[in-house]
Amino acid sequence: MTALDSLPARRRFPARPRRLFGTIAVGLVALAALAVALERLGVGAQTITLLLTVYLLAAVATVALAARSMTPGGVLLADRRVPAFWNGLALAGGALGGATLVALAGGPAGEPALAAGLALGLPAGLVLAGVLLAPQLRRAGAVSVPDFLAMRYGAALRPAGLAVLLVACFVLLTVQIDLLGRLAAVVFGLSPSAARWAGLVAVLVCVVPGGMRSVTWTQAALSLVLIIALLAVAAWLTEAAGLGFVPHLTLGEAAARAAATPAGPGAALPGAADAFALAATALCAACGIAAMPHVLLRFLAAASGRTARRTASHALVWGVVLFTVLPVLALLAQRAALDFAAVGTPDAAALSGMALQADTAFIALPALAGLPAAAGALALVAAAGAALAVAAGLLMAMAGALSHDLHHRMLDPRADAAVRLLLVRLFAATLGALAVPAAGLAIAGTLPLAVWALSLAASGLFVPLVLGVWWRRANGPGALAGLVAGTVAAGGYLYHLAIGGAPWFGIDAMRVGLVGLAASLLATIGVSLLTPPPGPARQAFVRRIRLPARGRDVPPLD
Amino acid sequence: MSVLSRASRRHWRASVLLAALTLGLWVLLVLVLPFAAAALDRAAFAGLPLGRWMLAQGALAGLLLLVAAHNRRQDRLDDRVGLDDE
């Protein structure tokens, strides 16, 4: 800590964001071109993958260290000064990236309606967050999601909100660590356990130097790498397949080729057969992502209420660019899986291992298509960037909330700023260290675990947050009842199914969020109406956050 | 009632209306579309049955337009109260 302290921290970082991120982008493309040339000269695939991975890690470490911070405002909320464009770029990777995106790009992993519902629901959730929550949460000046709930509803919501935050974020974090571990095992040739620890170190590099400040700018860098690498791989694949180099426009042709049966070009895409499952997954994912604390934290760090709203739309632009290419990649993977079954393994043994795991098939696609090793390395870098961006955001959301809500607000309000800043880092390291063995348990696949984490956030946090802004009559007892009823109903229903209970109304384990959302909505409204309305101070708070406010700043960050 | 608070009430009512309209269209694109996809499949777009194309790409493009429109209108509402927070 002292070593970092002695370095002069720049007040405004980056002084020229366009130049910094332009350099990172150009560097990535140049390195990929160099890698193609190197392979012609006889350099092996393993070396090329290592080269691009090291570039990603070096770029991330450079940005993270330059964005170091030693003030509570910087560490907890990036000084609440992040402009909409860069905040949106960071949110694109931080919300929509991760192991989920990699799994969706890898083709038929499990149930089609689940993948299609997530692909629709995750971007749709950003719309919900932007319209319903982002500007108001920012105007409240909250430091975390539990902090907002406590401001709006009273102190009882702080521990309850914190508990839901921790569980939802931790579950999603284990998914990212699991993917990072599998990637590190391929690149560095480590054992699965050692590789997960290596993955955690990379995540901590994003979090520890500057807390939210370094998470913000590393997420922006990681999103940029993810977008460039994923689009480059997609264009490379479609061009090599003779479909054209704008991957988004090749969906029809790709679908026609992937259809194993002569059932027409739509047969390989999810359709109407499972409409309920698809719509229900989309609703759970959308409400979940809109209530996930690592997503909302991005809005809290925005420069203003309007900036927070625009953050969501900027992120959606990137999200749509990425997510409209996912079905094309999934179809190419489906086609490759057919060829793979017919022809057998390509030479790279590690990559063929990736191909056999449904949720990492995307990384093996370039090798299966016979592309140069640089394409495979770009796919791996895209996956690593996606997982790192989400993991860093999750770890920051948990560590920040533990430091602010548990330590600063509940245990020791007069603690020194230095202690609080140290605690953020210690919490991040501890939670990460707990996530590594948890990731090794592999309780369920990538998509089910991600869906459960999102469903928990939807069940416990979504309704109290949204009604807190949009319904002035919602009060503390109602919100607490909603939070508890939602989580208990979702958890209880999952248990009911796990012990072999019959599903109600066709709601299966992947859609428990529906049960949680309904219970949460009923309990919040019912209990609010049965108890007295919120007092004048809370009513004034709601009026304040509803109105754009120039000149009236939010509570200072110590 | 002060001028400010009357203006702020008008601002809030308009914002609620705008959000409700946006959410209504959101529900059509995200929750109704899966059920309507089979009917839409009778038409074709971009070499695919329309319903399946909408699910894979069209709905996302629609969300983008939706959010752009919401942002424009909300900005104008906020500017009208003269309390733009930037």
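Select V54(A) to begin this tour of a predicted model: V54(A) is partly exposed, with a relative accessible area of 44%, where buried means under 20%, exposed over 50% and partly exposed in between, taken with a 1.4 Å probe and protein chains only. V54(A) sits in helix α3 of chain A, helices being DSSP runs of H or I with at least four residues and strands runs of E with at least two, numbered from the N terminus. Residues are numbered from 1 along each chain as its sequence is written, while chains are lettered from A and ligands numbered from 1 in the order in which they are written. Local features need pLDDT of at least 70, side-chain atom pairs count only at pLDDT 80 or more, totals for chains, interfaces and linings use all residues, and side-chain values use heavy atoms, with hydrogens and water left out.

Now add L50(A), L57(A), F188(A) and L190(A) to the selection, and together with V54(A) they make up a nonpolar surface patch with about 370 Å² of accessible area, an area that comes from the Shrake-Rupley method with a 1.4 Å probe and, for residues, only the protein chains shown as cover. Patches are made of residues with over 30% relative accessible area and no salt bridge, with nonpolar side chains (Val, Leu, Ile, Met, Phe, Trp, Tyr) joined within 5 Å and like charges within 9 Å. Helix α3 (residues 45-66) of chain A contributes the most here, with 3 residues.

Next, select R158(A) and D147(A), whose side chains meet in a salt bridge at 2.9 Å, N to O; such a bridge is a side-chain nitrogen of Lys or Arg within 4 Å of a carboxyl oxygen of Asp or Glu. Because R158(A) belongs to helix α9 (residues 157-188) of chain A and D147(A) to helix α8 (residues 145-153) of chain A, the pair ties together parts that are 11 residues apart in sequence. R158(A) is buried at 11% relative accessible area, and D147(A) is buried at 4%.

Which residue of chain A forms a salt bridge with D79(B)? The partner is R306(A), with the closest N and O atoms 2.7 Å apart, and the pair crosses between chains, from helix α2 of chain B to helix α15 (residues 305-323) of chain A. D79(B) is partly exposed at 41%, whereas R306(A), at 5% relative accessibility, counts as buried. Widen the selection to R309(A), R310(A), D75(B) and D78(B), which are linked with R306(A) and D79(B) in a network of salt bridges.

Stay with chain B and select R10(B), which lies in helix α1 of that chain and is exposed, with a relative accessible area of 55%. R10(B) is one of the residues of a positive surface patch that also includes R472(A), R543(A), R6(B) and R76(B), and α1 (3-40) and α2 of chain B each supply at least two residues of this patch. Lys and Arg count as positive and Asp and Glu as negative, without His or the chain ends.

Finally, return to chain A and select helix α18 (residues 361-368), which is mostly covered, since 6 of its 8 residues are buried. Among them are F362(A), I363(A) and L365(A). The last stop is G370(A), which follows α18(A) and has a positive phi, near 75°.

Notes
Charge placed at Lys NZ, Arg CZ, Asp CG, Glu CD.
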